[in-house]
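User: Could you take a close look at one part of this model for me? I'd like to hear how a pair of helices packs, and then what the salt bridges are up to.

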Amino acid sequence: MIYLDNASTTLKKPPCVIKSMTKLTKQLSANSGRGGHYYSREASMRILDASQALASFFNISSPEQIAFTNNATTALNFAINGFLQNGGHVICTALEHNSVMRPLHRTENVTCTVVEPDKSGIVDPKRIEDAIQPDTCLIICTHASNVFGTIQPIKQIGKICKNHGIVFLADAAQTAGSVDIDVKDMNIDMLAFSGHKGLMGPMGTGGLYVSENVRLVPVITGGTGSFSESLEQPDFMPDMLQSGTLNTPAVASLSGAVNFINSVGIDYIYSHETSLAKLLFDGLKNIPSVTVYATDDFTKRNGTVSFNIYGIDAVSVSQELDEKYGIAVRAGYHCAYSAHKCMGTHDGGTVRASVGFYNNQADIDKLLHAVSQIAKHA
């Protein structure tokens, strides 16, 4: 099976991550911060190691400002629901995942302006600035579209936020681990990230960085191992967002994942993935009846490519690729329907192929051959 669904999760993990998960599951399935015994202390140290590794990776000054979550969805919910307790005006893009759109839809006393991308799949920062209102308190932008792979100009958007005194939340679910992120240089106040995608860590991991200048109201409360005598949730990071038992082996393994990426080089990973994606993009464009979406400028894309075959719905293409050719892709709306509405793919979505670090040119060649054969019958 050729796996090309890395935008969902990476199937293959670095050997150091698997080794760490196995070892820590056997030897350190202990509860961090919940006791004074050796195992609890050791678990806390491994969690801290992961925080420090990620803080350095994202250029975050204080590791304590990172709270670990089950995924980027939880991180985004913590950020959105925790920040918008008093309502206000929010700006987001039409490329956002439902992990942003649905929390915004449910939040009371919030008005939202949705800024659409251009036909290349990229949002103009000027349009975001033009949408600012007197009560705008939060701007949200995905770093890269999970549908079209287009990388958004979040550094420019972050600068706009800083100039206007507006909090900036960036969704790095599709970029953390494969595209360089610097929260200081990009003026990011909150960063939500997945641990199991580009970071190549275990499933069920993610996190939220919260700047010391941002105050959140915890939306989940419970045991944190700190100030247990009080009925009030701790008001400091990361305890305020880390109620309950963390998955110590999985979270701790993110440290090894970051070390692996650093050893390979994130620039190399980005170049490798986008080179393969460009081969796919260019090859698909040369197949009759195939439409490929968004910009062909691969300095503004990651490893995700969406396409359709005229006359065959996306789900049927995906099923045939799986059953006949042994190729795993994803089809449909990819939990981002508003993105499809702007790009003209709202009638059935797209076939999405997303390459990762462990893919190679042979995988792309086989997908192109399979698509060409399917397209002949369109």
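Analyst: Helix 9 passes helix 11 in a right-handed crossing. Keep in mind that this is a predicted model. Two packed helices are described by the angle between their axes and the distance between the axes. Here, the axes of helix 9 (residues 314-325) and helix 11 (residues 361-375) cross at roughly 115° and come within 11 Å. On the helix 9 side, the contact is made by Val 317, Glu 320, Leu 321 and Tyr 325. Helix 11 answers with Leu 367, Ala 370, Val 371, Gln 373 and Ile 374. Sort those residues by class and you get seven nonpolar, one polar and one charged.

Now for the salt bridges: the structure holds five. Take Asp 5 and Arg 352, whose side chains meet with N to O at 3.2 Å. Asp 5 sits in the loop between strand 1 (2-3) and helix 1 (15-27), while Arg 352 belongs to strand 13 (residues 350-354), so this salt bridge ties together parts that are 347 residues apart in sequence. And are these two buried or exposed? Both Asp 5 and Arg 352 are buried.

Another of the salt bridges joins Asp 130 to Lys 126, with the closest N and O atoms 2.9 Å apart. This one stays inside a single element: both residues lie in helix 5 (residues 125-130), four residues apart, or about one turn of the helix. Asp 130 counts as exposed because its relative accessibility is 52%, and the cut-off for that label is over 50%. Lys 126, at 46% relative accessible area, is partly exposed.

Then there's Asp 185 with Lys 155, where the closest N and O atoms are 3.2 Å apart. Here the salt bridge links distant parts of the chain, 30 residues apart. Asp 185 is in the loop between strand 6 (167-171) and strand 7 (190-194), and Lys 155 is in helix 6 (residues 154-164). As for accessibility, Asp 185 has a relative accessible area of 40%, so it is partly exposed. Lys 155 is partly exposed too, with 42%.

Put side by side, the pairs read like this: Asp 5 and Arg 352 are buried, Asp 130 is exposed with Lys 126 partly exposed, and Asp 185 and Lys 155 are each partly exposed.

Definitions and conventions. Residues numbered from 1 in each chain as written. Predicted model: local features only at pLDDT ≥ 70, side-chain atom pairs only at ≥ 80, totals over all residues. Heavy atoms only, no water. Axes fitted to C-alpha atoms, helices over the stretch in contact; angles between N-to-C directions. Helix = DSSP H or I, 4+ residues; strand = E, 2+ residues; numbered from the N terminus. Left-handed = near helix turned anticlockwise from the far one by under 90°. Contact = heavy atoms within 4.5 Å. Nonpolar A, V, L, I, M, F, W, Y, C, P; charged D, E, K, R; others polar. Salt bridge = Lys/Arg side-chain N within 4 Å of Asp/Glu carboxyl O. Buried < 20%, exposed > 50% of the residue type's maximum accessible area, 1.4 Å probe, protein only.
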